[in-house]
Amino acid sequence: MELADVLVLLDRFDGSAADRLELEADGWKLRLRKGAAKAVGVVTGPVPAAEEKAWSGERPAGEDGATLLKASQVGTFYASPAPGTAPFVSAGDRVSKGQTLCVLEAMKMMSEVLAPADGTILEVLVKDGELVGFDTPLFRIKEQ
């Protein structure tokens, strides 16, 4: 069982009519119980350490010198602020340091992914609504 599976399970449990869930699989033990206000969970197992930084980049081999902007958390990738609205950025867009590029949602908590530097979006590597994991490449950016 991957951490992404646990997050999906937590989200579905929170939206269900069930008030208790216990699961053991692949060395994981998961016990969930709904309280008066919201779900409470206890998870034990091989949980990977979360990254402290907002993004991680690497320079792939290539002449364009692009940076891969990667996800710093597990969550659902949202390209726009609301369904049916224009995306934050598209391929070819110029961006400024600190500009919102997308939103990652995990357990109903939204986290903005910000541009690490001024540059140009060369490619959006993830589809809207797609589940991403730690270090999933989200964008290729040519820094200026």
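1. Let's start with one pair of residues: Val-103 sits across from Glu-112 of strand 9. Keep in mind while you look around that this is a predicted model.

2. That pair belongs to a longer match. Strand 8 and strand 9 run antiparallel, with six bridges joining them. The two strands make a hairpin, and two residues lie between them. Have a look at Met-107 in that turn: its phi is positive, at about 55°.

3. Now go to the other neighbour of strand 8. Strand 6 (residues 75-78) pairs with strand 8 (residues 100-106) over three bridges, again in the antiparallel sense. Val-103 turns up here too, standing opposite Tyr-78, while Glu-105 in strand 8 is opposite Thr-76. As a reminder, strands of a sheet pair through backbone hydrogen bonds, either parallel or antiparallel.

4. Thr-76 is a handy residue for stepping across to the next strand. Its bridge partner in strand 11 is Leu-131. Strand 11 covers residues 131-132 and pairs with strand 6 through two bridges, in the antiparallel sense.

5. So how do the strands line up? The order is 9-8-6-11, in an open sheet of four strands with antiparallel pairing. Strand 9 (109-114) and strand 11 are the edge strands, each pairing on one side only.

6. Is strand 8 buried or exposed? Seven of its seven residues are buried, so strand 8 is largely enclosed by the rest of the structure. When you inspect the side chains, remember that in a regular strand they alternate between the two faces of the sheet.

7. Next, the nonpolar interior. The largest nonpolar core has 17 residues, and Phe-77, Leu-101, Ile-121, Val-132, Leu-138 and Phe-139 have the most contacts inside it. Two elements, strand 8 and strand 12 (137-143), give two or more residues to this core. Another core lies apart from it, made of eight residues, including Ala-4, Leu-10, Phe-13 and Val-74.

8. If you want one residue to click on in the largest core, I'd pick Leu-101. Setting aside neighbours within four places in sequence, Leu-101 is in contact with a list of residues that includes Leu-69, Ala-79, Phe-88, Val-89 and Val-95. Further along the chain, its contacts include Val-113, Leu-114, Ala-115, Ile-121, Phe-139 and Ile-141.

Definitions and conventions: Residues are numbered from 1 along each chain as its sequence is written. This is a predicted model: local features need pLDDT of at least 70, side-chain atom pairs count only at pLDDT 80 or more; totals for chains, interfaces and linings use all residues. Side-chain values use heavy atoms; hydrogens and water are left out. Two strands pair if DSSP finds at least two bridges between them. Buried means under 20% relative accessible area, exposed over 50%, partly exposed in between (1.4 Å probe, protein chains only). A nonpolar core is a set of buried Ala, Val, Leu, Ile, Met, Phe, Trp, Tyr and Cys residues joined through side-chain atoms within 4.5 Å. Contact means heavy atoms within 4.5 Å.
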